[in-house]
Amino acid sequence: MTFSEWLIVILFFQVIHFLGTWKLYVRAGRKAWEAAIPIYNAIVLMKIINRPTYWVILLFVPVVNLIMFPVIWVETARSFGKNSETDTVLTLLTFGFYLYFLNYFAKLTYIENRSLVPRTKTGDTISSILFAIIVATLVHTYVMQPFQIPSPSLEKTLLVGDFLFVSKIHYGPRPQMSAVALPMVHDTLPFINVKSYAYDDTNKDSWINKLQYPYFRFPGFQEIKNNDIVVFNWPCDTLYNMYKLADRRYDKPIDKRTNYVKRCIGISGDQIEIKKGTVYINGKAVVYPERAKLQYVYQAAMDLNKPVDIEYVFKTIGFTEKYDLNETKDTIIFSALTEEGAAKLATFSTFSDVKKRYISGSDSSIFGKQINWNADNMGPIYIPKAGTSIELTPANLPLYKRVLTEYEGPHTVKVVGNDVYIDNQLTKTYTFKKNYYWMMGDNRGNSLDSRYWGFVPEDHVVGKAVFVWMSWDGSASGLSKIRWSRMFTTVNGDGPAVSYLWVFGLVVVVYQILIRFVFKKKEA
């Protein structure tokens with residue numbers, strides 16, 4: 001929605017609020033006009049219902065406000081003696097319009113110093129649950145979000161079954177963009193597998209699709225750097241929801257697109273090129289941090305006359321993927337192997353000529369669809385940076401067409417002869433409005449990343465992966481399912497990963513001791 005459209009919506013709700021509450025304001029000893037002034041009327045209402053002023057701020061927090069509005073409706077009715085379950089149900093079922101009846105037809109007495117303590121155990125439970133949801137939503141949206149590694153695209157660096165904490169404060173928290181959505185879930189409600197947000201994917205121009213907040217990001221304390229492990233919303237989402245793969249591009253709000261985690265190889269303003277699997281940024285080969293465990297496709301000659309315990313070999317070289325092995329052939333293909341693993345493989349006399357296997361020729365599924373480009377050989381590609389301009393030609397248009405038609409548009413783009421037209425205007429150069437990033441998985445032979453669908457716009461960035469708080473091995477059994485050595489290990493940094501589980505355990509023990517001490521002191 002545009003600014004003017006949102007202004008109209010806000011004014012509409014202000015009129016609804018004024019017409020339904022101005023007499024209640026008067027009965028509470030206030031002036032009728034105080035119900036009509038935006039924001040000020042909310043501050044006054046908090047005083048009427050005897051609630052803290054900071055509740056007004058919560059009314060402007062996406063998703064949290066969907067919880068706060070029903071609470072305030074009920075609190076308003078109770079401030080005028082309407083405490084029964086019937087009053088509460090009528091208030092909620094009518095979406096607050098029960099206040100119209102109270103405003104115009106009911107004989108009410110304002111209770112200035114009413115008790116805020118719930119009268120029943122059910123009421124107390126509901127209040128506690130709502131408070132917990134609000135706090136959790138604020139933390140989830142603006143501080144830290146849990147995330148599970150679902151695929152092997154970062155395997156060895158991050159494992160399938162790793163549970164991450166993703167920091168929102170490093171790059172700056174991005175408030176939720178979907179105006180009508182349930183808290184604490186992503187795009188799908190668990191168990192029933194239905195959408196958790198209001199959006200009509202069959203009609204992109206539907207009015208409900210306009211109920212989207214504009215993109216905004218609070219300041220963070222660092223910019224995205226090369227080699228950061230970043231969680232983002234997949235720009236080219238083909239998942240109907242988290243559990244179902246669609247057979248087409250699926251239209252979703254930005255913040256409800258499927259969460260992906262990859263390594264940020266190139267930042268805005270960089271030029272990236274891949275030659276025989278080696279990535280170059282601005283002409284220099286990328287130097288990865290020590291904790292990065294890159295895997296490539298390898299092949300090796302296998303001497304069938306030298307029998308070997310193949311499972312022992314795989315365990316030694318750290319190879320866990322499926323493999324292509326035919327006893328009648330003398331070549332074995334390893335779909336995901338680290339350079340260290342390849343060096344160990346070469347120490348076995350059964351294997352020789354261990355080398356990386358590269359894709360040759362053109363790949364039509366690759367980003368940009370340029371001649372002779374594939375996942376191991378592509379570029380150079382300029383990664384757009386806000387405020388910079390490029391010459392736009394029919395040759396490089398496939399690299400930036402989605403940027404123009406989706407991320408910075410929608411613009412219409414067409415080619416006439418050797419000229420590019422944007423919105424029917426001849427365009428020789430284009431200046432980018434946003435920053436973009438190039439994301440890749442460390443498991444290069446098994447990663448659906450920017451090599452296939454291109455740039456990640458800045459408004460799709462969710463946060464920075466900071467540490468693994470839990471790791472679960474689905475193939476193991478019993479307590480062995482828990483990868484204890486990975487619990488509470490940091491994702492970034494130099495040197496091997498170190499578990500800080502003992503620190504967490506110590507914090508929990510100290511916290512419990514303090515709680516017991518405070519409790520006993522209160523009792524005394």
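This section describes selected features of a predicted model, covering a sheet, a helix, a surface patch, and several loop and backbone sites.

In the predicted model, an open sheet is formed by 4 strands in the order β11-β10-β9-β16, with antiparallel pairing. The edge positions are taken by β11 (284-285) and β16 (378-382); each has a single partner strand, so one side of each is left without a neighbour in the sheet. Strand β10 (residues 278-281) runs antiparallel to β11 and is joined to β11 by 2 bridges. Within this pair, Y280 stands opposite A285 of β11. The edge strand β16 also contains P380, which is linked to G379 through a cis peptide bond with omega of about 5°.

A further cis peptide bond connects G409 and P410, with omega of about 15°. P410 is located in the loop between α10 (397-407) and β18 (413-416).

Helix α4 comprises 15 residues (residues 64-78); at 1.5 Å a residue, its expected span is 21 Å, and the end C-alpha atoms are 21 Å apart, which agrees. The buried residues of this helix are V64, N65, I67, M68, V71, I72, V74, E75, T76 and A77. In general, an α-helix has 3.6 residues a turn, so residues three or four places apart point the same way. The buried set of α4 includes V64, I67, M68, V71 and I72.

Positive phi values in residues other than glycine were found at two loop sites. For N50, phi is near 65°; N50 belongs to the loop between α2 and α3 (55-58) and, with a relative accessibility of 36%, counts as partly exposed. For M184, phi is near 70°. M184 lies in the loop between β2 (162-167) and β3 (188-189), and its relative accessibility of 40% places M184 in the partly exposed class.

The loop between α1 (3-27) and α2 (40-48) contains E34. E34 has a relative accessibility of 5% and therefore counts as buried, the cut-off for this class being under 20%. The side chain of E34 makes a polar contact of 2.9 Å with the side chain of R30.

At the surface, V498, Y500, W502, V503, L506, V507, V510 and L514 make up a nonpolar patch of about 760 Å². Of these residues, V498 is situated in the loop between β25 (489-490) and α12 (501-523). The relative accessibility of V498 is 43%, so V498 counts as partly exposed.

Methods:
Residues are numbered from 1 along each chain as its sequence is written. This is a predicted model: local features need pLDDT of at least 70, side-chain atom pairs count only at pLDDT 80 or more; totals for chains, interfaces and linings use all residues. Side-chain values use heavy atoms; hydrogens and water are left out. Two strands pair if DSSP finds at least two bridges between them. Patches are made of residues with over 30% relative accessible area and no salt bridge: like charges are joined within 9 Å, nonpolar side chains (Val, Leu, Ile, Met, Phe, Trp, Tyr) within 5 Å. Accessible areas come from the Shrake-Rupley method with a 1.4 Å probe; for residues, only the protein chains shown count as cover. A salt bridge is a side-chain nitrogen of Lys or Arg within 4 Å of a carboxyl oxygen of Asp or Glu. Buried means under 20% relative accessible area, exposed over 50%, partly exposed in between (1.4 Å probe, protein chains only). The expected span of a helix is 1.5 Å times one less than its number of residues. A polar contact is a pair of N or O atoms within 3.5 Å; within protein, one must be able to donate a hydrogen and the other to accept it, and residues adjacent in sequence count only if both atoms are side-chain atoms.
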